[in-house]
Amino acid sequence: MTATRSDHHVSLHGLSPNAVKVCQSLQQAGYQAYIVGGGVRDSLLEAKPKDFDVATDATPEQVRQVFRSSRIIGRRFKIVHVRFGREIIEVTTFRGSHQTGKPHNAVQSEQGLLLRDNVYGDLESDALRRDFTINALYYDPISETLIDFTHGLEDIKSRTLRIIGNASDRYREDPVRMLRAARFAAKLAFKLEPATAQPILSLGELLDHIPAARLFEEVLKLMLGGSATATYNSLREYNLLTHLFPGATPLINDSEFNQKMIELVCVNTDKRIRQGKRVTPAFIFAVFLWLPLQAEIKRLLAEGMKIGDARNAAVASVISQQLTRTSIPKRFTLPMRDIWYLQHVLATRPGKRCFGALEHQRFRAAYDFLLLREDAGEDFNGAGRWWTEFQFADEAHQQTMVEALNTQQTSNKPKRKPRRRKPKKDHSTHDNSPPPASD
Ligand code: ATP
Ligand code: MG
């Protein structure tokens, strides 16, 4: 495939000075070097780029020789990370089409999935193997020239997301491009060009062959990019959510509460990001998996299992099922379990044990989770408000609050004659048995 190249003189602002330095140094060493991808796209849209990528005709080894503070990393492709303090500029060597490259460097599965893609190429072939036209604009910050092989600039102007080449083939090569389509359309408020959108509904299943670790990374980009709400709607529109959260997706429409929980976690995440507050994937996963968790507990109780056992079994099975789709590092599954475990304590406020809950390192997240449940329509007798007051009260006031709770709870309790038989267990869906120790 050949394409017409058009050059434009453009002076781009908001570029990383380090990305410019990388281009300068490579050009001084005799190589071609351009800023490409999101850095150029977002600068043209006058948005703040997340990171900067540089494309060059130097091989990774040659790039290494130009920058002392650099290293080659070999995920799916060999790329070089050039470090400037906390900023990393990713430098990739022009890649070619796998069809024209040396056969042993590119490997494709029977479904068309690109298994290995390390064929070097020239600038034009590099542009054509990129995903969307708006991501294939090259900027030379020294001559201030924008190079466009795929009419990406026109698409930026008309806010159109268009895949390069045949959409089905490109999604088969790398199904993650479908998630990227949903993400960019949502984040940039671009419309998907019809031929780019059309195959997604029928090819979503190809995502089931993508390694769980890569899908976890994609979920982070989808949910933590500042546009979780729009992205979630876009994922649902293209029927992709079910390939990321197969347990939760069919339950979302089951109740208003379920819909609300998911909507609220997206809205709150976006808001926190806007306010520069910390967001953790543990919270987001805890919300999405809360739906199948409750359904599974209900199912096990109906089978006659005791609440504590049902809860532990459900936590284990919901997490292990999710792990077959997206990995979730232990540093996130452990807080998820704590958030879930603390729900019963926060909802029931069991007297003096409230102090222990407040000390728990995951109190804050669990409290936010309780508020989310209340906002979504659950009623815990004002527990959310109570905890809001309790956590900021001085010790004396906290004591008074807990004592008031005790009298309130004792006076609310129905008087029972002492029984010799063991009392029946509470069959509510939440209990306070500790979570199992491992995944
Ligand atoms: P952002 O960093 O804001 O999420 P980006 O477009 O920079 O967006 P990156 O994942 O950083 O996305 O990738 C950099 C560039 O590499 C993209 O702009 C695109 O040109 C190319 N690229 C990334 N992933 C793919 C893919 N799966 N298939 C083809 N090209 C890709
Ligand atoms: Mg980027």
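In this predicted model, a polar side-chain atom of Arg 180 lies 3.0 Å from an oxygen atom of ligand 1. The protein buries 87% of the 590 Å² that ligand 1 exposes when taken alone. Gly 38 and Arg 183 also place atoms by oxygen atoms of the ligand, Gly 38 through a backbone N or O atom and Arg 183 through a polar side-chain atom, as the table sets out.

| Residue | Atom of the residue | Distance to an oxygen atom of ligand 1 |
|---|---|---|
| Gly 38 | backbone N or O | 3.0 Å |
| Arg 180 | polar side-chain atom | 3.0 Å |
| Arg 183 | polar side-chain atom | 2.9 Å |

The shell around ligand 1 draws two or more residues from each of α2 (38–44), α7 (176–188) and α10 (212–223), and α7 gives the most, with five residues. Of the 18 residues around the ligand, those that come nearest are Arg 41, Arg 130, Asp 174, Arg 177 and Arg 183. By character, the shell divides into 14 charged residues, three polar and one nonpolar.

A separate part of the model is helix α15, which runs over residues 307–323. Because a helix is expected to advance 1.5 Å a residue, the 17 residues of α15 should span 24 Å, and this agrees with the 24 Å that separates its end C-alpha atoms. The buried residues of α15 include Ile 307, Ala 310, Arg 311, Val 315, Val 318, Ile 319 and Gln 322, and among the elements that cover the buried residues of this helix are α12 (241–244), α14 (281–302) and α16 (330–348).

Note on methods: Residues are numbered from 1 along each chain as its sequence is written. Chains are lettered from A and ligands numbered from 1 in the order in which they are written. This is a predicted model: local features need pLDDT of at least 70, side-chain atom pairs count only at pLDDT 80 or more; totals for chains, interfaces and linings use all residues. Side-chain values use heavy atoms; hydrogens and water are left out. A residue is near a molecule or strand if one of its heavy atoms lies within 4 Å of it. A polar contact is a pair of N or O atoms within 3.5 Å; within protein, one must be able to donate a hydrogen and the other to accept it, and residues adjacent in sequence count only if both atoms are side-chain atoms. Accessible areas come from the Shrake-Rupley method with a 1.4 Å probe; for residues, only the protein chains shown count as cover. Helices (H or I, at least four residues) and strands (E, at least two) are DSSP runs, numbered from the N terminus. Ala, Val, Leu, Ile, Met, Phe, Trp, Tyr, Cys and Pro count as nonpolar, Asp, Glu, Lys and Arg as charged, and the others, Gly among them, as polar. The expected span of a helix is 1.5 Å times one less than its number of residues. Buried means under 20% relative accessible area, exposed over 50%, partly exposed in between (1.4 Å probe, protein chains only). Contact means heavy atoms within 4.5 Å.
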